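Good morning, colleagues. I should like to present one structure today, and I ask you to keep its coordinates in view while I speak.

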Amino acid sequence: MAQSAPAPGYRRTSGPLDENPWAAGGVMFGGVLLMVDGVMGVIKGISGIASDEVYRRISKYTFTFDVTGWGWIHLVLGVILALVGWSILKGAGWARATGVVLAALNMIANFMWLPYQPIWAIISLAIDGFVIWALCTAPSKAVIQ
């Protein structure tokens, strides 16, 4: 039985399925973006913890926390995001689902953070949206060995 050639845009892998190179690149880019978003979260967190004057104080906002409290939220979430992003690049099976969940949680946190730093919150929302899309649309494989 002759084996057919892969469809244009696909390459034959060692397994039975063909892999779209765009999908593999999307997972790699999603993992890198998750790490970048984690580092941005760590920076936001350290800034909030170090000085309450870095971010604007908001009165009569539903999700008002102390800026130091927001700093700890961003710091912890940022460290976890960066570690999961690295695990995605290493091809860990659990990392994709965890990355989607954490990116969604980070989206919620950044939505609530919007009045404090609107530009950075919107950038983080966009990054998280792409990460969720990339991790949900491509098959999992180790991107780096």
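I shall begin with the basis of the model and then discuss the fold, the cores, one charged residue and the surface.

This is a predicted model, in which local features need pLDDT of at least 70 and side-chain atom pairs count only at pLDDT 80 or more, while totals for chains, interfaces and linings use all residues. Residues are numbered from 1 along each chain as its sequence is written, and side-chain values use heavy atoms, with hydrogens and water left out.

The protein has 4 helices and 2 strands, taken as DSSP runs numbered from the N terminus (helices H or I, at least four residues; strands E, at least two). Along the sequence their order is β-β-α-α-α-α. Of the contacts with a separation of 6 or more, 67% link residues 24 or more positions apart; contact means heavy atoms within 4.5 Å.

Of the 145 residues, 36% count as buried, where buried means under 20% relative accessible area, exposed over 50%, and partly exposed in between (1.4 Å probe, protein chains only). A nonpolar core is a set of buried Ala, Val, Leu, Ile, Met, Phe, Trp, Tyr and Cys residues joined through side-chain atoms within 4.5 Å. The largest such core has 17 residues, and Leu34, Val84, Ile88, Val131 and Leu135 touch the most other members. Helices α1, α2 (67-90), α3 (93-113) and α4 each give two or more residues to this core, with the largest share, 5 residues, coming from α3. Beyond its neighbours within four places in sequence, Ile88 is in contact with residues including Val27, Gly31, Leu34 and Leu135.

Which side chain of opposite charge is nearest to Asp128? It is Lys44, 7.3 Å away, and Asp128 is buried yet has no salt bridge, that is, no side-chain nitrogen of Lys or Arg within 4 Å of a carboxyl oxygen of Asp or Glu. Lys and Arg count as positive here and Asp and Glu as negative, while His and the chain ends are not counted. Asp128 is found in helix α4, and its contacts outside four places in sequence are Asp37, Ala103, Asn106, Met107 and Asn110.

Ala126 also has its place in helix α4 (residues 118-137). Ala126 counts as exposed because its relative accessibility is 52%.

Finally, Val36, in helix α1 (residues 21-50), is partly exposed because its relative accessibility is 37%.
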